[in-house]
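Visitor: Please pick one spot in this model and give me a close look at it. After that, I'd like to hear how things go in the rest of the chain.

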Amino acid sequence: MLGKLLRTFLILPKLKRLNIKWKMLLLIAFALSLMVIKHHFRIKKYLQKINLCWDQEAEEPQLSKWFNPKKRPDVITTTGWLAPVIWQGTYDRQVLEKYYKRLNITIGLAVDASGKFSYQDLQQFIQSANKHFMIGYNVIFYILVDSFSRVPPIVLGPLRTFKVFLIFRDSMWEDLNFIYMKNLHDYIITHIQHEVNFLFIMTANQIFKDDFGVETLGKSVAQLSAWWYFKNVKNFPYERRSKSAAFIPFEEGDFYYHSAIFGGTVQEVLDLITEYQKGAIQDTKNGLSSTYERHLNKYFFIKKPTKLLSPEYNWDPSFRIPPQIKCVKIAWQSKGV
Ligand SMILES: *[C@@H]1O[C@H](CO)[C@@H](O)[C@H](O)[C@H]1NC(C)=O
């Protein structure tokens with residue numbers, strides 16, 4: 001009995017020592033496994049990153065994956081140069097979202113809010129664009145005004161910001177569109193080109209009525225005129241004076257594009273503005289003056305847009321709505337301009 005007790009007493013400290021050793025061992029094993037797990041996650045993250053970079057290089061989904069022209073047999077859905085015309089029902093926005101979301105793109109929307117547009121125009125434009133323009137993407141609104149006092153209070157949703165740019169006048173030029181475009185060109189060079197992947201240029205007298213999403217993104221995007229889409233090409237109000245840089249002969253032309261909206265990559269937008277400026281300067285030298293819209297039509301006649309937006313994207317609500325207009329995305333406020 002006594003011997004047993006003694007032996008227990010002798011073993012006990014040994015056991016305790018053993019216990020400490022075990023604990024140490026366990027602790028080391030635990031620390032080691034933590035390190036292994038951490039390392040594993042680091043490797044996994046690294047692999048994911050490589051994968052992401054790889055995916056980012058993936059091309060935009062093929063047209064046939066998201067665009068089905070057969071869905072709208074009642075309208076022109078593909079141009080002669082095979083560019084898609086985006087009508088309600090022809091596109092699958094979700095397929096494109098998968099691609100563009102991963103790229104984390106930023107889309108710029110420059111709005112002409114110069115003197116000819118009212119304070120209310122700009123207010124309605126921004127409020128409705130905040131609700132419908134490229135929801136879920138980084139958006140920067142570039143508001144071009146003659147005076148800061150013409151900017152309404154602006155409250156924006158997540159991922160949206162805005163910048164206000166002043167339009168500087170030049171005593172040489174009287175054409176307001178020319179002055180606006182000259183300013184816009186300079187702001188694109190100094191700011192916008194460093195901040196966005198795609199850029200839209202719009203006038204303030206429009207109200208977004210429905211979602212204007214990634215189906216509208218492209219290299220160069222032109223807006224079909226609501227009125228002229230339904231008319232004969234020979235009646236289009238193109239510039240018909242052969243001496244003008246905007247000249248398009250009577251037998252020619254594809255569509256009549258509305259100057260209220262155009263967009264694309266920053267480079268394409270810059271190219272269009274530069275060509276317009278060259279044309280307008282040349283016309284002035286020749287004692288002619290064409291409109292900005294006619295120069296824009298000439299530009300797209302020579303350099304065909306890669307994507308066209310149906311008149312649903314810019315509908316004048318004062319017109320009777322024909323059956324082809326399934327969903328008005330933007331309402332054009334024709335009065336007051
Ligand atoms: C996505 O882009 C925005 C704006 O450029 C940037 O602030 C944000 O950190 C980016 N997010 C990721 C996950 O890269």
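Guide: Let's start at Asn104, which is exposed because its relative accessible area is 55%; on this scale buried means under 20%, exposed over 50% and partly exposed in between, with a 1.4 Å probe and protein chains only. Before going on, note that this is a predicted model, in which local features need pLDDT of at least 70 and side-chain atom pairs count only at pLDDT 80 or more, while totals for chains, interfaces and linings use all residues. Residues are numbered from 1 along each chain as its sequence is written, and side-chain values use heavy atoms, leaving out hydrogens and water.

Asn104 sits in the loop between α3 (93–103) and β2 (106–112). Those labels are DSSP runs counted from the N terminus: helices are H or I with at least four residues, strands are E with at least two. The backbone here is worth a look too, as Asn104 has a positive phi of about 50 degrees without being a glycine. Most residues other than glycine have a negative phi.

Asn104 also belongs to the ligand's surroundings, together with Thr106 and Asn138; the cut-off for being near is a heavy atom within 4 Å. The side chain of Asn104 has an N or O atom 2.5 Å from an oxygen atom of the ligand. Taken alone, the ligand exposes 360 Å², and the protein buries 24% of that. Such areas come from the Shrake-Rupley method with a 1.4 Å probe, and for residues only the protein chains shown count as cover.

For a contrast, try Met134, in the loop between α4 (119–132) and β3 (138–145). Met134 has a positive phi of about 50 degrees as well, and isn't a glycine either. But Met134 is buried, because its relative accessible area is 1%.

Now to another loop, the one between α2 (63–66) and β1 (85–86), where you'll find Thr77. Thr77 counts as buried because its relative accessible area is 9%. Its side chain reaches the backbone oxygen of Pro69 at 3.5 Å. Leaving out residues up to four places away in sequence, Thr77 touches several others, among them Phe67, Arg72, Trp87 and Thr90; a contact means heavy atoms within 4.5 Å.

Arg72 leads us on to charged pairs: its side chain meets that of Asp74 in a salt bridge, at 3.0 Å from N to O. A salt bridge here is a side-chain nitrogen of Lys or Arg within 4 Å of a carboxyl oxygen of Asp or Glu. Arg72 is buried because its relative accessibility is 5%, whereas Asp74, at 36%, is partly exposed. The whole structure has twelve salt bridges.

Several of them involve helix α6, so named for residues 266–285: 20 residues spanning 29 Å from first C-alpha to last, close to the expected 28 Å, where the expected span is 1.5 Å times one less than the number of residues. Its buried residues, including Val269, Leu272 and Tyr276, pack against α5 (176–190), β5 (198–203), β7 (220–224), β8 (257–265) and α7 (292–302). Just after α6, Gly287 takes a positive phi of about 70 degrees.

Glu268 of this helix pairs with Lys303 in a salt bridge, with the closest N and O atoms 3.5 Å apart. That links distant parts of the chain, since Lys303 is in the loop between α7 and β9 (307–309), 35 residues away. Glu268 is buried at 10%, while Lys303 is partly exposed at 35%. Within α6, the side chains of Glu275 and Lys278 also form a salt bridge at 3.1 Å, N to O; the two are three residues apart in the helix, so about one helical turn separates them. Glu275 is partly exposed, at 38%. Salt bridges with shared partners also join Lys219, Glu268, Asp271 and Lys303 into one network.

Stepping back, the protein has seven helices and ten strands, and 45% of its 337 residues are buried.

How values were computed
Polar contact = N/O pair within 3.5 Å; in protein donor to acceptor, adjacent residues only side chain to side chain.
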